[in-house]
Amino acid sequence: MDLDTRRRRTALFLFFLIPGLSMSSWVTRTPDVRDQLGASTAQMGLVLFGLSVGSMIGILCSGTLVGRFGSRPVMGVATVLITFSMAVIGLGAMASSAPLVTTGLLLFGAGMGGGEVAINIDGAEVERITARTILPTLHGFFSLGTVVGAAVGILCTAVDFPVQWHLIAVAAVTTAMFGYAIRAVPNGVGKVSGGAKVAGAEQGASKAKVWRDRQLLLLGGIILAMALAEGAANDWLPLLMVDGHDMDPALGSAVYTGFAAAMTIGRFVGGYFIGRLGRKPVVRASAVSATVGIALVVFSDSAALASAAVLFWGLGASLGFPVALSAAGDSGENPAARVSLVAMLGYVAFLVGPPCLGFLGDHYGLRTAMVVVLAFTTLAVFLAPAVGSRSSATVASQPDGELTRERPSPEHCE
């Protein structure tokens, strides 16, 4: 791997770390924000609705913007929105302004929803250049960011550090990270060649084509299932342990920390196992692990067993999303359109699924609501062959020193 490519990979690590660090920073300070706003639970629900609206705007626009301008400017603008949103949320809390906090969350959602798709497209391009599996590690940096941000947020809460200065400091740190990272990302990745009208026509044709690709839709099913498993835990796991297993709130938070740590470990070590065993067995084992973990949390009445099972849930949910994204980039022509499609499905599940589970939880209880997630991860076990069996790209040295890769025939479900 040459120096420019190594710098580009490091930059992508930071682009994944920034949203994870930012997200967990404001999530851990949500009670303080609520108190400074003097908001009720219902009012906080309206404030948080800004996040959902912004996320959907970002997700729906990202693929089109990447096709028009390339991944670099989309990643850049999206990350600026994320860093700026931290300061807006902090200032909104300081001013006791619910509209300002809502605006900050909308900006954060737009940045995260739009940027993540673009970063995944660029990450898939680096995989093709280097013939190495890096998407799981990239997503591992997002998980690492959530762990670090949560730890700092809990510490700031414990010492009563003002929430506005905490979030403004996060904005400053992530802005410095962004300034370093953006310089290493090249222009033109994911961009459709030609003028605006030609680009629009080509992109429309590409979208129509990928929607008819059976393998790509199966990969989308895997991503949807695993993103739902991750999103459900992020939003509901502490409450699930408290209400469903009668745990102390502090222990419920500790169980969630275990889940986040398991996700991080799984993503950092996943590339090694993919290189040794191939994609299909790793994704299948991940889906089985998530399914077993969720089943034990739902059906076991032992709080200790359910707590241990959360580790299987986290390990299992860690790899399905990034590995299926990698497979989507290899599945045919126009990899940017393919990665954009399946990434969009994943982020829709990640953001929209948990509120739907909350609706079911209100009527039937959270443990019962998680049966829906269990059904999806069970389905992912059978969809696993869609990722193919390739462990890594086949690399051959050419006389001119360039590297080429043999593209295997994609596998379908057996």
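Buried means under 20% relative accessible area, exposed means over 50%, and partly exposed lies in between. These exercises use that scale on a predicted model.

**Exercise 1. Classify R367 and D301, then place their salt bridge.**

Step 1. R367 has a relative accessible area of 19%. The cut-off for buried is under 20%, so R367 counts as buried.

Step 2. D301 has 68% relative accessibility, so D301 counts as exposed.

Step 3. R367 and D301 form a salt bridge, with the closest N and O atoms 3.2 Å apart.

Step 4. R367 lies in helix α15 (residues 366–383), and D301 lies in the loop between α11 (279–299) and α12 (303–317), so the pair ties together parts that are 66 residues apart in sequence.

**Exercise 2. Work out which helices E230 and R267 tie together, and whether each residue is buried or exposed.**

Step 1. The side chains of E230 and R267 meet in a salt bridge, at 3.0 Å from N to O.

Step 2. E230 belongs to helix α9 and R267 to helix α10 (residues 249–277), so this pair ties together parts that are 37 residues apart in sequence.

Step 3. E230 is buried, at 6% relative accessibility. R267 is buried too, at 1%.

**Exercise 3. Describe the salt bridge of D32, and classify both partners.**

Step 1. The partner of D32 is R29, with the closest N and O atoms 2.9 Å apart.

Step 2. D32 is partly exposed, at 22% relative accessibility. R29 is buried, at 2% relative accessible area.

Step 3. Now count for the whole model: the structure holds 4 salt bridges.

**Exercise 4. Find the residues that touch the most other members of the largest nonpolar core, and the helix that gives the most to it.**

Step 1. The largest nonpolar core has 100 residues. Within this core, W26, L219, L237 and W313 touch the most other members.

Step 2. Helix α9 (residues 214–245) gives the most to this core, with 13 residues.

Step 3. Take L237. Leaving out residues up to four places away in sequence, L237 touches A232, V255, Y256, F259, V310 and W313.

Step 4. There is also a second, separate core of 5 residues, with A225, M226, A380 and V381 among them.

**Exercise 5. List the residues of the nonpolar surface patch, then locate and classify L91.**

Step 1. The patch is formed by L91, M94, L100, L155, V159, F161 and W165. Together they have about 660 Å² of accessible area.

Step 2. L91 sits in helix α4 (residues 71–94).

Step 3. With a relative accessible area of 37%, L91 is partly exposed. A patch member needs over 30% relative accessible area, and L91 has 37%.

How values were computed:
Residues numbered from 1 in each chain as written. Predicted model: local features only at pLDDT ≥ 70, side-chain atom pairs only at ≥ 80, totals over all residues. Heavy atoms only, no water. Patch = residues over 30% accessible without salt bridge, like charges linked within 9 Å, V, L, I, M, F, W, Y side chains within 5 Å. Areas by Shrake-Rupley, 256 points an atom, 1.4 Å probe, with all protein chains shown as cover. Helix = DSSP H or I, 4+ residues; strand = E, 2+ residues; numbered from the N terminus. Buried < 20%, exposed > 50% of the residue type's maximum accessible area, 1.4 Å probe, protein only. Core = buried A, V, L, I, M, F, W, Y, C linked by side-chain atoms within 4.5 Å. Contact = heavy atoms within 4.5 Å.
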